[in-house]
Structure formats: structure tokens, C-alpha cells
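Please read the following report alongside the sequence and the structure, which are shown here.

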Amino acid sequence: MAAAMALVGVLAACSPMSMFSRTGDEEPLVPAEQLYASAVTNMENNRYIAAIEDLETLERQNPFSEVNERAKVMQVFANFRLARFSEAARQADQFLALYPRSSEVPYILFLKGSSYYEQITDITRDQELAQDAIETFTQLQANYPDSRYAQESRQMLLIARDQIAGKEMSVGRYYLGNGQYTAAINRFRVVVEDHQTSTHVEEALYRLTEAYLTLGLVGEAQTATAVLGTNYPSSEWYQRGFALLQNQGLQPQMMTGNWMADR
């Protein structure tokens, strides 16, 4: 009899009623549409933290809901608006992995790139985030050139590239000031060759003139100043480069075969 009662107890514990009963600590199930509607309302009222909570619950409780794609877009946007830029970028990567053919991909790439862009620090710091922004915006513009987000990202892409060029200049100046002329030339060359749209090209060409003259590479110095004068004739940097050559009895001159001649 005792064994029979124990078996009944085990069966009762495994019954459907027992399996679906809830304790006070368990999360109540909420329909996906209800959670989504609540998230939309919270978003419209700038309650982004509450919206994220709704969307995370939706994703957790209803992983196969048809509204999950839109919900994930909202999560990326809400985190971006809260300046949770690292989280926004992470959520963007999740979306791109789950929905690579979604019509929202251009927008998600824009938010991802913008999240990196907003974290860019001054040129004395590591510029990995600027490089991440460049790669993301470049992907957006290459794959979705007609998207409004490709257009909106162009100025940020220019600024991010300028940031990278600024970092190269900062390091190049350091090398130049410490007599490491070859290392300095390599940095300034990167600016001239890889960052032609940046605001630092003029100074980079002048610094090349300085470094080449110091090393006795007269032809390279003359070419650097000639390229500077051809492309930026009114530049203060050209005037300084011209004066530097003139002090040594030299003139700007384009030397054929030089890597700068085609600039």
C-alpha cells in the first residue's frame, strides 16, 4: 500500500497539470503581438529601456514569432538611442546573421556603422572603432549604393577616414621629431596614398619634403613639393615647402618614376 501511494505521488508530479502549473517565481507567458505592441508604444514615448525589456521578453518567449525581425530592428535602434553603442553594434550583427536578405539590412548597417562612429575618440587613442566604422559604411555603400542610408553615411565615412589619417600624421610627426625619418616617411606616405580625400594630405606632403631633405633625397623632396603645389597651390603648406627648398637653392620639380608623380 505504501509503495502504491508513492507511485501515485510520482505520477501526480508528472501529470500535465503539474507540468504546466506555475509558481510565483516563473515568468508569465505573454502573446508576441501584445509584447510587440507594448514595445511600439514605449518606443513612441521614448521609453527605450522599457521597450527593450518588452522586446527581449518577446524574443525569449516567442523565438519563432513573425514579428521577431521587426523586433530585432527596434532593439538595435533603441540601444543606439540610449547610447549603448557596443550593444547596438552587437545586436546589429545578430540581425545580419539571422536576416541577411532582409529589406532592413541597409538600415541595420547604417546603425551599426553609426554606433562605431559615435565611439571614435581623439587621434591620440587607438582608432580601431574608426576602422570598424569605415568598413561598415563601405559595405553599406558598396552593396546598397542607392539606399538613402548610403547617402547619409558618406559624410561620416569621410570623417572616419580623416580620423585614421590624423592618427597616421600624429605618429609620423612623433617619428620625425625623434629623428626616425624612414619611419616618419612611411606614415606620411600612407596618408598620401590611402587617404587622398582627408584634410591631412597637404601637411603630409610638406612633412615628406622635410624628411626627404634631411635624408639628402633631394629629388623626392622636390617631387613632394611639386605635387603639393600642383594640387594645393594656395596652401600654406606649399608656401612652407617652397621656402624650405628655396633655402637650399632648390625648386619644386616633378621627377619621373617617383611614387608621388601620379598623385
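## Helix packing in a predicted model

In this predicted model, the buried residues of α12 pack against α11 (201-214) and α13 (236-246). Those buried residues are A221, Q222, T223, A224, T225, A226, V227, L228 and G229, and α12 itself, covering residues 218-231, has 14 residues and reaches 20 Å from its first C-alpha to its last, close to the 20 Å expected at 1.5 Å a residue.

A second packing arrangement involves α3 (residues 32-44) and α4 (residues 48-61), whose axes come within 8 Å and cross at roughly 165 degrees. Because angles over 145 degrees count as roughly antiparallel, α3 is described as roughly antiparallel to α4, and the crossing of the two helices is left-handed. The residues of this contact divide into ten nonpolar, four polar and one charged, and the table lists them by helix.

| Helix | Residues in the contact |
|---|---|
| α3 (residues 32-44) | A32, L35, Y36, S38, A39, N42 and M43 |
| α4 (residues 48-61) | Y48, A50, A51, D54, L55, T57, L58 and Q61 |

Turning to a single side chain, is Y117 buried or exposed? Y117, which is found in helix α7 (residues 105-117), has a relative accessible area of 19% and is therefore buried, since the cut-off for that class is under 20%. Not counting residues up to four places away in sequence, Y117 touches A133, F137, M156 and I159. Y117 and T136, which are 19 residues apart in sequence, lie 9.9 Å apart in space, C-alpha to C-alpha.

Conventions: Residues are numbered from 1 along each chain as its sequence is written. This is a predicted model: local features need pLDDT of at least 70, side-chain atom pairs count only at pLDDT 80 or more; totals for chains, interfaces and linings use all residues. Side-chain values use heavy atoms; hydrogens and water are left out. Helices (H or I, at least four residues) and strands (E, at least two) are DSSP runs, numbered from the N terminus. The expected span of a helix is 1.5 Å times one less than its number of residues. Buried means under 20% relative accessible area, exposed over 50%, partly exposed in between (1.4 Å probe, protein chains only). Contact means heavy atoms within 4.5 Å. Axes are lines fitted to C-alpha atoms, for helices over the stretch in contact, and angles run from 0 to 180 degrees between N-to-C directions. Angles under 35 degrees count as roughly parallel, over 145 as roughly antiparallel, 65 to 115 as roughly perpendicular and the rest as oblique. A crossing is left-handed if the near helix is turned anticlockwise from the far one by less than a right angle, and right-handed if clockwise. Ala, Val, Leu, Ile, Met, Phe, Trp, Tyr, Cys and Pro count as nonpolar, Asp, Glu, Lys and Arg as charged, and the others, Gly among them, as polar.
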